[in-house]
Amino acid sequence: MVILAKRQGQLIGLCSSHIVDDGQSAQMEDIKVAASERGKGTAQLMYKHVIELVRTKYPEVKKQSFVTYPKLNRGFCVLGKQSEISLHVPSINVPTLISEVISNMKKRGDECYEPIPLQPDDVRSIFLNRTVIDTLLPGGRVIQNAAVFKPLESNLDILLKRDIVWRADRKVNPRAVSLATAPYRDPMGNRVFVINMFGQDLSPVKNVFLSQLQSLPPSHDNVICLLVVNRSLSPQILEFCINEMRLEKGKQYWTDEIIVEDDILKMLWGDGRGKK
């Protein structure tokens with residue numbers, strides 16, 4: 001469901017929602033407002049309008065889950081927490097850079113191996129595995145570029161239709177799994193590459209991260225990589241990226257992300273500012 005907001009015939013905002021979790025939850029996927037309209041309540045109006053439409057068309061929908069930030073938590077039910085690292089990937093030969101990093105890792109005797117690209121059957125097998133859900137996924141949820149999904153067959157069907165690169169350190173008893181969203185242009189013209197990483201073991205997380213970077217299509221543009229990781233690994237991963245990979249830390253608007261859930265009817269009367 002996509003809603004366009006117009007003022008005197010001019011497009012000033014866009015909001016979209018998706019019904020997920022076997023029809024039990026609504027997912028607000030995007031809220032965009034023209035710069036000239038910000039601070040005027042347009043986002044709040046669109047948000048409430050979409051929720052009202054969802055309640056009318058899908059009365060069985062009870063919950064909404066989303067990613068927000070600590071200052072905007074506002075008493076929602078917290079499912080999990082993550083850290084986001086912004087990295088500037090220069091317009092150089094990324095495969096060559098990664099080969100050098102892997103070579104140095106091998107010289108030091110670090111654990112180093114080739115992570116596995118996942119096919120649809122692999123994705124279903126891994127992300128429906130109870131051990132993976134309980135030990136790797138934050139709050140028992142699959143996160144894809146700030147969208148929150150329960151690990152259900154129907155939700156994986158939605159994700160498998162999207163342009164996503166799936167990786168794991170191994171198919172059996174994985175220690176790190178990852179989803180990378182295809183690069184897209186932000187309003188400033190930057191190419192943004194979002195990697196959602198799940199796992200608490202540093203070595204496999206580093207290897208899967210390198211594999212995801214290798215999946216980047218060739219480009220002469222600089223890339224902003226938004227890497228979302230377990231909070232306990234954030235300092236070590238940042239040090240690895242800056243000191244060993246020679247990447248630059250990007251502009252950081254926030255460091256922590258909070259995965260929350262709440263009753264959709266209750267949220268209808270909120271101010272809607274909790275959305276990313």
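Select helix α6, residues 202-214. Helices here are DSSP runs of H or I with at least four residues, strands are E runs of at least two, and both are numbered from the N terminus. At 1.5 Å a residue, the 13 residues of α6 should span 18 Å, and the end C-alpha atoms are 19 Å apart, which agrees. The expected span is 1.5 Å times one less than the number of residues. This is a predicted model, in which local features need pLDDT of at least 70 and side-chain atom pairs count only at pLDDT 80 or more, while totals for chains, interfaces and linings use all residues. Residues are numbered from 1 along each chain as its sequence is written, and side-chain values use heavy atoms, with hydrogens and water left out.

Stay on α6 and colour by accessibility. Of its 13 residues, 11 are buried. Buried means under 20% relative accessible area, exposed means over 50%, and partly exposed is in between (1.4 Å probe, protein chains only). Among the buried residues of α6 are Lys 206, Asn 207, Phe 209 and Leu 213.

**The cores**

Next, select Ile 195, Phe 209, Leu 213, Cys 225, Leu 227 and Met 245. These residues touch the most other members of the largest nonpolar core, which has 31 residues. Elements that each supply at least two residues of this core are β5, α2 (94-108), β11 (191-198), α6, β12 (223-229) and α7 (234-244). Which element gives the largest share of this core? That is α2, with 6 residues. A nonpolar core is a set of buried Ala, Val, Leu, Ile, Met, Phe, Trp, Tyr and Cys residues joined through side-chain atoms within 4.5 Å.

Centre on Met 245. Leaving aside neighbours within four places in sequence, Met 245 is in contact with Leu 97, Val 101, Phe 209, Leu 210, Leu 213 and Phe 240. Contact means heavy atoms within 4.5 Å. Apart from the largest core lies another core, of 26 residues, including Ile 133, Ile 164, Trp 166 and Phe 198.

**Strand β5**

Go to strand β5 (residues 77-89) and pick Gln 82. Gln 82 counts as buried, at 2% relative accessibility. Not counting residues up to four places away in sequence, Gln 82 touches Pro 138, Ile 143, Phe 198, Val 228, Val 229, Arg 231, Thr 255, Asp 256, Glu 257 and Ile 259.

On this strand also pick Val 78. Val 78 counts as partly exposed, at 36% relative accessibility. From Val 78, draw a distance to Tyr 47: the two are 31 residues apart in sequence and 21 Å apart in space, C-alpha to C-alpha.

**Salt bridges**

Two of the contacts of Gln 82, Arg 231 and Asp 256, lead to the next stop. Arg 231 forms a salt bridge with Asp 256, the closest N and O atoms being 3.2 Å apart. Arg 231 lies in the loop between β12 and α7 and Asp 256 in strand β14 (residues 256-263), so the pair ties together parts that are 25 residues apart in sequence. Arg 231 counts as partly exposed, at 37% relative accessibility. A salt bridge is a side-chain nitrogen of Lys or Arg within 4 Å of a carboxyl oxygen of Asp or Glu. The structure holds 15 salt bridges.

Now select Glu 111 and Arg 175, whose side chains meet in a salt bridge (2.9 Å, N to O). The pair links distant parts of the chain: Glu 111 is in the loop between α2 and β6 (116-117), and Arg 175 is in the loop between β9 (164-168) and β10 (177-185), 64 residues apart. Glu 111 is partly exposed, with a relative accessible area of 37%, and Arg 175 is also partly exposed, at 21%.

Add Asp 169 and Arg 170, where the side chains meet in a salt bridge at 4.0 Å, N to O. Buried or partly exposed: what is Asp 169? Asp 169 counts as buried, at 6% relative accessibility, whereas Arg 170 counts as partly exposed, at 34%. Finally add Asp 201: Glu 111, Asp 169, Arg 170, Arg 175 and Asp 201 are linked in a network of salt bridges.

**Last stop: Arg 185**

Select Arg 185 in strand β10. Leaving aside neighbours within four places in sequence, Arg 185 is in contact with Asn 190, Arg 191 and Asp 221. A distance drawn from Arg 185 to Ile 224 gives 10.0 Å, C-alpha to C-alpha, for residues that are 39 apart in sequence.
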